[in-house]
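Trainee: Got a minute to go through this one with me? I'd like to start with a turn.
Mentor: Sure, put it on the screen.

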Amino acid sequence: MEKWEAERLLNQKMQDTRTYPKRRTATRAKKYNLTMEPAENYIVLDFETTGLRAGDDKIIQIGAVKYIGHQQQDTMYLLINPERPISSTITRITGIRNGDVQDAPVIEEIAPQLIDFIGDLPIVAHNAPFDMGFLYALEHITPVPPYQVIDTVRLARKFITETPNHKLTTLSAYLELEHNAHDALGDCLVTASIYQFCIGRM
């Protein structure tokens, strides 16, 4: 796979200045409610995946960080065996290789734990339709309840107008944050900082 193809996939995932790409499962999955109401207690969620199509592609890494009173309280961070090969393109983007996940748990083992971890807290995510699509694709494994969801792309568009776009990497550079990009935990920590910065401007 050529480098430009990897960049195209990355841009599709991270492009925040265009309309979100349509996904086959989007209509079925949209049980959540997007909100811009600030919350002090929340889960920041990020998935790394084998591709862009929720329901067809698979989760390979979960990052979920629980914040209570805007303070980090608990973390769920692990690799997932997708039971299919990870392409060289995805490895180039995420750094995750087939050997890294061969002994990892499968999503059927982890999905109920993830839902329990989230509980009834709202979810904060950057480009939330992507992550929520993959979350609701787990309904064939475990019930996934409706959630209040705060998309930091929407918040940043309103409250951070100094940047040329609202990609996670652009915003992290603007806020001078350390960022392990395209790692589920690294993206969660930056997303939380962006969220807290935005609500500080409300």
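Trainee: Which strands form a hairpin with 2 residues between them?
Mentor: β3 and β4. Gly69 sits in the turn and has a positive phi of about 60°. Helices (H or I, at least four residues) and strands (E, at least two) are DSSP runs, numbered from the N terminus.

Trainee: What kind of model is it, and how are things counted?
Mentor: It is predicted: local features need pLDDT of at least 70, side-chain atom pairs count only at pLDDT 80 or more, and totals for chains, interfaces and linings use all residues. Residues are numbered from 1 along each chain as its sequence is written, and side-chain values use heavy atoms, with hydrogens and water left out.

Trainee: Back to the hairpin. In which sense do β3 and β4 pair?
Mentor: Antiparallel, over 8 bridges. Strands count as paired if DSSP finds at least two bridges between them. β3 covers residues 59–68 and β4 covers residues 71–79. Ile68 has Gln71 as its bridge partner. Gln61 stands opposite Leu79.

Trainee: And which strand pairs with β3 over 8 bridges, besides that one?
Mentor: β2, residues 42–49, also in the antiparallel sense. There, Ile43 has Lys66 of β3 as its bridge partner.

Trainee: Is β3 mostly covered or mostly open?
Mentor: Mostly covered: 8 of its 10 residues are buried. Buried means under 20% relative accessible area, exposed over 50%, partly exposed in between (1.4 Å probe, protein chains only).

Trainee: What is the strand order in the whole sheet?
Mentor: β1-β6-β5-β2-β3-β4, an open sheet of 6 strands with mixed pairing. The edges are β1 (33–34) and β4, each pairing on one side only.

Trainee: Where is the parallel pairing?
Mentor: One case is β5 with β6 (residues 148–151), over 3 bridges. Ile123 stands opposite Val149 there.

Trainee: Which helix packs on the sheet by touching β1, β5 and β6?
Mentor: α7, residues 152–159. Its direction makes about 45° with that of β6. Axes are lines fitted to C-alpha atoms, for helices over the stretch in contact, and angles run from 0 to 180 degrees between N-to-C directions. α6 lies across β1, β2, β3, β5 and β6, at about 80° to β2.

Trainee: Cores next. Which residues touch the most other members of the largest one?
Mentor: Leu114, Met132, Leu135 and Tyr147, in a nonpolar core of 31 residues. Such a core is a set of buried Ala, Val, Leu, Ile, Met, Phe, Trp, Tyr and Cys residues joined through side-chain atoms within 4.5 Å. α5 gives the largest share, 7 residues.

Trainee: What does Tyr147 contact?
Mentor: Leaving aside neighbours within four places in sequence, its contacts (heavy atoms within 4.5 Å) include Lys31, Tyr32, Ile123, Met132 and Leu135. A second, separate core has 22 residues, among them Tyr42, Val65, Tyr195 and Cys198.

Trainee: Cysteines, then. How many disulfides?
Mentor: 0, with a disulfide taken as a pair of cysteine sulfur atoms within 2.5 Å. Cys188 is buried at 1% relative accessible area, and Cys198 at 0%.

Trainee: Last one: where does Thr50 lie?
Mentor: In the loop between β2 and β3. Thr50 counts as buried because its relative accessible area is 12%. Its side chain makes a 3.4 Å polar contact with that of Asp57. That term means a pair of N or O atoms within 3.5 Å; within protein, one must be able to donate a hydrogen and the other to accept it, and residues adjacent in sequence count only if both atoms are side-chain atoms.
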